[in-house]
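Reader: I would like a close look at a single part of this model, with the cut-offs behind each term spelled out. Please start from one helix and follow its surroundings outward.

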Amino acid sequence: MASLLRLQALFSLKLATPRRLPSHLRCAAAVASPLPRRLPAAASNGSPEQRASETDLESGLYLVATPIGNLEDITLRALRVLKCAHVILSEDTRHSGKLLQHYNIKTPLLSFHKFNEREREPIILKRLHEGEAIAVISDAGTPGISDPGMELARLCATEKIPVIPIPGPSAAIAALSASGLPTEEFTFAWSIKKSQA
């Protein structure tokens, strides 16, 4: 059965937002090096509390949109989040590793896909409750839209854990913008085919 998702519904989601960012982060675009350098390996081996205080991110689940075909189609904010997160949950670590290598991002990757998300969710929720900043990326586009992440975001919202969307490329919007079709109103639909056990 196909699920319909209206774009209007995206705007009505009640996603938690992070506390006010420090002024040096709000002005990150104005500084010469908007991407903070990674901590030395020795410094990043501390406790989760120590490491959280050393990053520029508030604790929470960051849904980070990634390029949908060109590695340059990523925002500076997305790169900063990926560099500063404690861990990156990735649909395919081999595929995501290419993006991280391209931008010299050393954050550890943890596989998170439709075959292991139920198993991983309790561990991820525990880490979030301990104060970690965790990024979620899919192979391309926005996590949770036809990709893993939707259920984890729902669980976080239920447990009052901040869920912070980091917008970026969208295949549906890119295709619509170039289609010449009317854009005042449209519907995005996808179907999930469940395998027979």
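Author: What follows goes from one helix to its partner helix, then to the sheet, and ends with a few loop residues.

This is a predicted model, in which local features need pLDDT of at least 70 and side-chain atom pairs count only at pLDDT 80 or more, while totals for chains, interfaces and linings use all residues. Residues are numbered from 1 along each chain as its sequence is written, and side-chain values use heavy atoms, with hydrogens and water left out.

As a frame for the details, the protein chain has eight helices and seven strands, where helices (H or I, at least four residues) and strands (E, at least two) are DSSP runs numbered from the N terminus. Of its 197 residues, 34% count as buried; buried means under 20% relative accessible area, exposed means over 50%, and partly exposed lies in between, with a 1.4 Å probe and protein chains only. Among the contacts in the protein chain with a separation of 6 or more, 72% come from residues 24 or more positions apart, a contact being heavy atoms within 4.5 Å.

The helix to start from is α6, which spans residues 117-129 and holds Glu121. With a relative accessible area of 5%, Glu121 is buried. Leaving aside residues up to four places away in sequence, Glu121 touches Phe112, Glu151, Leu152 and Leu155.

The partner helix is α7 (residues 150-158), and α6 packs against α7 at an angle of about 40 degrees with the axes 11 Å apart. Because of that angle, α6 is oblique to α7: angles under 35 degrees count as roughly parallel, over 145 as roughly antiparallel, 65 to 115 as roughly perpendicular, and the rest as oblique. The axes are lines fitted to C-alpha atoms, for helices over the stretch in contact, and the angles run from 0 to 180 degrees between N-to-C directions. The crossing of α6 past α7 is right-handed, meaning that the near helix is turned clockwise from the far one by less than a right angle. On the α6 side the contact is made by Arg118, Glu121, Ile124, Leu125 and Leu128, and on the α7 side by Glu151, Leu152, Leu155 and Cys156. Sorted by class, this contact of α6 with α7 has six nonpolar, no polar and three charged residues, with Ala, Val, Leu, Ile, Met, Phe, Trp, Tyr, Cys and Pro counted as nonpolar, Asp, Glu, Lys and Arg as charged, and the others, Gly among them, as polar. Within α7, the residues Glu151, Leu152, Ala153, Leu155 and Cys156 are buried, and what covers the buried residues of α7 includes β2, β3, α6, β5 and β6.

The sheet comes next. Five strands form an open sheet with parallel pairing, in the order β4-β3-β5-β2-β6, where two strands pair if DSSP finds at least two bridges between them. The edge strands, each pairing on one side only, are β4 (109-111) and β6 (163-166), and from one strand to the next the twist averages 25 degrees. Helix α6 lies across β2, β3, β4 and β5, running at about 140 degrees to β5. Helix α4 (residues 76-84) also packs on the sheet, touching β2 (60-64), β3, β5 and β6, and its direction makes about 135 degrees with that of β6.

Strand β5 (residues 133-137) runs parallel to β3 (residues 87-90), joined to β3 by four bridges, and β5 also pairs with β2 in the parallel sense over four bridges. Ala135 of β5 is the bridge partner of Ile88 and also of Tyr62, while Ile137 of β5 stands opposite Ser90. Ala133, Ala135 and Ile137 point one way from β5 and Ile134 and Val136 the other way, and all are buried. Since five of the five residues of β5 are buried, β5 is largely enclosed by the rest of the structure.

Some loop residues complete the picture. Lys114, in the loop between β4 and α6, counts as exposed at 63% relative accessibility, and its C-alpha atom is separated by 8.2 Å from that of Glu91, 23 residues apart along the chain. Lys160, in the loop between α7 and β6, has a positive phi near 60 degrees in a residue other than glycine, and at 73% relative accessibility Lys160 counts as exposed.
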